[in-house]
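This briefing is meant to be read alongside the sequence and the coordinates. It takes up the domains, the interface between them, the surroundings of the ligand and the salt bridges.

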Amino acid sequence: MKKNETMLDHALANFDRAAALLAAEFSPGLLGKLRQPKERTELRLSPQLTDGAIHSYTAFIVKHNDAVGPCKGGIRMALDVTLDDVTALAMEMTWKCALIGVPFGGGKSGIVAAPGQLNAEDKEVLVRSFARNAQRHIHPLVYVPAPDMGTSETEMGYIKDTISHSMGYATTQGSYVTGKPVILGGIPGRREATGRGVAVVAAEALGQLGGEMRGAKVIVQGFGNVGSVAAAVMAEMGACVVGLSDEHAALYAPGGLDVPALLAHVKQTGKLTDGPSGTAVAHAELLEMPCDVLAPCATANQITVANAERIQARVIAEGANGPTTPEADAILHKKGIFVLPDILCNAGGVFVSYLEYTQEAQQEQMTGAEVRARLERRMRERFQLVYETAQQRRWPMRDAAMYLGVRNVCAALVARGALP
Ligand code: NAD
C-alpha cells in the first residue's frame, strides 16, 4: 500500500477497472456518474453523557447511489472512521446489493467514537443522539442502516425506538433499520448471516479447487460479529480452525483451536487474550501461515504489498470490507490464490437484511430455518454466477463480481431514463 492511500482510493481503483470492462456497454457519462456519491452529510452530535457533561461527536452519512432502490448500509463506530472511508463503504454497498440481487442501493454511516471506551449507557445515549440527528435521512424508502463494526443489534433496537418515539408511535411502519433484535421486528439469523455466508462461499471455492471444507485448515482474522460466526460455521462444516485473532491477540494451534471454548472466553472477558486454546503468535505472522482458507474478517487493508507475497492460503474469503489492496490483489492473482471478493463473500448480511425488510413490510415472521435456507441458496447461486463469468472471460473473481454488480446498477440507471 502506498503512503496516504485510503479506502476510497482502493474503492475507486476497483470501480475504474469495472468501468473499463463496461466501457463497450455504457457511456462514459453514465459510468462517470457512479464514481461520485449522490450525497455526503456530516453531522455534529452533542449528547449529554453519564458524567453530566455535553460531549461532541462527528458522524457521517453517505448515500452513494439509489438507482436500484433505497440506500442500504451499516453504521460503523470507530475512532478512525473518516468521511472518505464511509464514502468507499457506501460505494461498495451499491455494487454488493446489485450483485446479490436485492432492490437496494448503497449507503453507509460512520460515528467517530471508540466503542470500547464508552460504557453501555453512554453508547446508548450516543446512538440515540445519532438517530435523532440523522432522522431526516433514515426512512424505508431513503436509507436503511444496519450494524457494522462497533455496532450490533442492540444499537439497531435503540435507533428503532428513538425514531418511533419521535413519531409518537409504538413502532415504525416498515423497516427504518435492519439487524434489530427479533422481538422488535428483527429476523432470526441476521446476526449470523454475514459469517455464515462467508463459510458457504468459502466451501464453494474449495469445491471448485477440488477440495472440501471437511478437514480444511482455516485461519480467521477478526473474532467479532462476522469472524466469530464464520469460524464457528466452518468448524461445524468439519474444518480445522488453526488460527484466530482479534485486535488484542492472535492464536494458533496446528491441530485445531477449540472455537466454542474461545467463543465462551470472549463472551466472558471481551478478548481472545489468554484464551483456553492455542498459542499466542504475532498478528502479522498469523496471516502468513499455510492454510486452505484465510478469512480476513476484521478491517480494511490487511493484505497489502508488504505481505501479499508471503500469503500461503489457497482461498482468501473476504469477510471484511476492503481487506485486500488493489496492488496486493494483483500479487495474489499471480500466485494463483482464489480470492472471494468482499462484495460477494460478505453479502449474506445484506441479503438477510432484505428478508427482514420484506417481512416487516408484510408483517410476517420468518423462521430461522427459512432464513438460513434462503441465505445459503442465494450465496451459492451468486457464487456460481460470478465463478462462471470469471471462467468464461478469464478474469479474476473480483473483476467478475464488480462487472456484474456495476452492470446491474448501470442497467437500473438506463431503465430509469434521464432525470435532469
Ligand atoms: P465487529 O466490531 O463485530 O468485529 C471486528 C473484529 O475485528 C473484533 O474482533 C476486533 O477485535 C477485530 N479486529 C480489529 N482490528 C483487528 C486487527 N488488526 N487484527 C485482528 N483483529 C482485529 O465487526 P464486524 O461486524 O464483525 O465487521 C467486521 C468486518 O466485516 C468489517 O470490515 C465490516 O465492514 C465487515 N462486514 C460486516 C457485516 C456485518 O453484518 N456485521 C456485513 C458485511 C461486512
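The points below are grouped by topic, beginning with the domains.

The model is a predicted one, and its domain assignment gives domain 1, covering 34-176, and domain 2, covering 191-345. Asp148 deserves attention under two of the headings, since a polar side-chain atom of Asp148 lies 2.7 Å from an oxygen atom of the ligand, while the side chain of Asp148 also meets that of Arg76 in a salt bridge.

**Domains and their interface**

- The C-alpha centres of domain 1 and domain 2 are 27 Å apart, and the contact between the two domains involves nine residues of domain 1 and six residues of domain 2.
- Between domain 1 and domain 2 an area of about 730 Å² is buried, with carbon and sulfur atoms giving 57% of this area.
- On the side of domain 1, Glu92, Lys96 and Leu99 together supply 49% of the area that this domain buries against domain 2, which is more than any other three residues supply.

**Polar and charged features of the interface**

- The count of salt bridges between domain 1 and domain 2 is zero, and across their interface one residue pair is found in polar contact, with both residues at pLDDT 80 or more.
- Helix 3, made up of residues 83-100, gives the most to the side of domain 1 that touches domain 2, contributing five residues.
- By residue class, the side of domain 1 that touches domain 2 comprises four nonpolar residues, no polar ones and five charged ones.

**Surroundings of the ligand**

- There are 22 residues around the ligand, and those that come nearest are Arg76, Asp148, Thr194, Val226 and Asn321.
- For Asp148 the approach is made by the side chain, one of whose polar atoms lies 2.7 Å from a ligand oxygen atom.
- For Gly150, by contrast, a backbone N or O atom lies 3.3 Å from an oxygen atom of the ligand, and for Gly319 a backbone N or O atom lies 3.4 Å from an oxygen atom of the ligand.

**Salt bridges**

- Across the whole structure, a search finds 24 salt bridges.
- In the salt bridge of Asp148 and Arg76, the side chains meet at 2.7 Å, taken from N to O.
- This pair links distant parts of the chain, 72 residues apart, with Arg76 in strand 4 (residues 75-78) and Asp148 in the loop between strand 6 (143-144) and helix 5 (153-167).
- Both partners of this salt bridge, Asp148 and Arg76, are also among the residues that come nearest to the ligand.

Methods
Residues numbered from 1 in each chain as written. Predicted model: local features only at pLDDT ≥ 70, side-chain atom pairs only at ≥ 80, totals over all residues. Heavy atoms only, no water. Domains from an automatic or database assignment. Contact = heavy atoms within 4.5 Å. Buried area = accessible area lost by both parts, 1.4 Å probe. Salt bridge = Lys/Arg side-chain N within 4 Å of Asp/Glu carboxyl O. Polar contact = N/O pair within 3.5 Å; in protein donor to acceptor, adjacent residues only side chain to side chain. Helix = DSSP H or I, 4+ residues; strand = E, 2+ residues; numbered from the N terminus. Nonpolar A, V, L, I, M, F, W, Y, C, P; charged D, E, K, R; others polar. Near = heavy atom within 4 Å.
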